[in-house]
Amino acid sequence: MTTIHPSPLLRQALLADATTSGAFGLLMLLAAGPLSHLLGLPEMLLRGAGAVLLPYAALLAWLGLREQMHKGFAWAMILGNILWVIDSLLLLVSGWVSPTTAGYAFVIMQALVVLMYAEFQIIGLRRSSVAAA
């Protein structure tokens, strides 16, 4: 597996993603009840997503603070973000949930933010240099 020196953009994108993921994870985990009523999304879905985001945020932060990382780990975070976006959109078109207008806006906006982080991470990965063996 190729070890890289992450570019400043990659590190910043990972840390920004970690901060946002951690904040939204806590929000969804701790305020799932009120959010469920506002967004029209199942409380257990919100709690589950929040529970998934917290360790994901910790991993992103750990990677973002490293001087070197395996390139595959960066790609894993990027692919995780892309899967999150796809799953978010599938949630809306699947008929499994009946979100309110605020719920549609919430899911679409967070998917766009996650897609933005994935794009910054891809660009940052391309700017990263290979570490000497």
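**Exercise 1. Describe how α3 and α4 pack against each other, beginning with the handedness of their crossing.**

*Solution.* Start with the handedness: α3 and α4 cross in a left-handed sense. This, like everything below, is read from a predicted model.

Next, take the geometry of the axes. Those of α3 and α4, the latter spanning residues 71-94, come within 11 Å and cross at roughly 160°. Angles over 145 degrees count as roughly antiparallel. The two helices, α3 and α4, are therefore roughly antiparallel to each other.

Finally, look at who makes the contact. From α3 come Leu45, Ala49, Leu53, Tyr56, Leu59, Leu60 and Leu63. Facing them from α4 are Phe73, Met77, Gly80, Asn81, Trp84 and Leu91.

**Exercise 2. Now do the same for α1 and α5: work out their relative direction and list the residues in contact.**

*Solution.* Begin with the axes again. Those of α1 and α5 come within 8 Å, and the crossing angle is roughly 155°. That angle makes α1 roughly antiparallel to α5. The handedness of the α1 and α5 crossing is left-handed.

Then go through the contact, one helix at a time. On the α1 side it is made by Leu9, Leu10, Ala13, Leu14, Ala16, Asp17, Thr20, Phe24 and Met28. On the α5 side it is made by Phe106, Tyr117, Phe120, Gln121, Ile123, Gly124, Leu125 and Arg127.

**Exercise 3. Decide which residues of α2 are buried and which are exposed, and explain how the buried ones are arranged.**

*Solution.* First, sort the residues. Within α2, residues 32-39, the buried ones are Ala32, Gly33, Leu35, Ser36 and Leu39. Seen down the axis of α2, these buried residues fall within an arc of 165°, so they line one face of the helix. It helps to recall a general point: an α-helix has 3.6 residues a turn, so residues three or four places apart point the same way.

Second, turn to the other side of α2, where Pro34, His37 and Leu38 are exposed.

Third, ask what lies over the buried face. The cover of the buried α2 residues includes α1 (8-30), α3 (43-64) and α5 (101-127).

Last, follow the chain out of the helix. Gly40 comes after α2, and its phi is positive, near 70°.

**Exercise 4. Work out the strand order of the sheet and identify its edges.**

*Solution.* Lay out the order first: three strands make an open sheet, arranged β2-β1-β3, with antiparallel pairing. The edges are then β2 (69-70) and β3 (129-130), each of which pairs on one side only.

Now zoom in on one pair. Strand β1, residues 3-5, is joined to β3 by two bridges, and these strands run antiparallel. For Ile4, the bridge partner in β3 is Val130.

**Exercise 5. For Ala57, Gln110 and Arg127, find the helix each belongs to, then say whether each is buried or exposed.**

*Solution.* Take Ala57 first. Ala57 sits in helix α3. Its relative accessible area is 8%, so Ala57 is buried. Setting aside neighbours within four places in sequence, Ala57 is in contact with Ala18, Ser21 and Gly22.

Gln110 comes next, and it lies in helix α5. With a relative accessible area of 16%, Gln110 is buried, given that buried means under 20%. Apart from neighbours within four places in sequence, Gln110 is in contact with Trp84 and Ser88. Gln110 and Ser88 are 22 residues apart along the chain, and their C-alpha atoms are separated by 8.6 Å.

Arg127 also has its place in helix α5. Its relative accessibility is 59%, so Arg127 counts as exposed. Beyond neighbours within four places in sequence, Arg127 is in contact with Ser7 and Leu9. Between Arg127 and Tyr104, 23 residues apart along the chain, the C-alpha separation is 35 Å.

**Exercise 6. Step back and summarise the whole chain: its elements, their order and its dimensions.**

*Solution.* Count the elements first: there are five helices and three strands in the protein chain. Along the sequence they follow the pattern β-α-α-α-β-α-α-β.

Then consider the dimensions. Along the principal axes, the C-alpha atoms fill a box of roughly 55 × 25 × 20 Å. Of the 133 residues, 39% are buried.

To finish, check the contacts. Among those between residues at least 6 apart in sequence, 80% join residues at least 24 apart.

Methods:
Residues are numbered from 1 along each chain as its sequence is written. This is a predicted model: local features need pLDDT of at least 70, side-chain atom pairs count only at pLDDT 80 or more; totals for chains, interfaces and linings use all residues. Side-chain values use heavy atoms; hydrogens and water are left out. Buried means under 20% relative accessible area, exposed over 50%, partly exposed in between (1.4 Å probe, protein chains only). Helices (H or I, at least four residues) and strands (E, at least two) are DSSP runs, numbered from the N terminus. The arc is that of the directions from the helix axis to the C-beta atoms. Contact means heavy atoms within 4.5 Å. Two strands pair if DSSP finds at least two bridges between them. Axes are lines fitted to C-alpha atoms, for helices over the stretch in contact, and angles run from 0 to 180 degrees between N-to-C directions. Angles under 35 degrees count as roughly parallel, over 145 as roughly antiparallel, 65 to 115 as roughly perpendicular and the rest as oblique. A crossing is left-handed if the near helix is turned anticlockwise from the far one by less than a right angle, and right-handed if clockwise.
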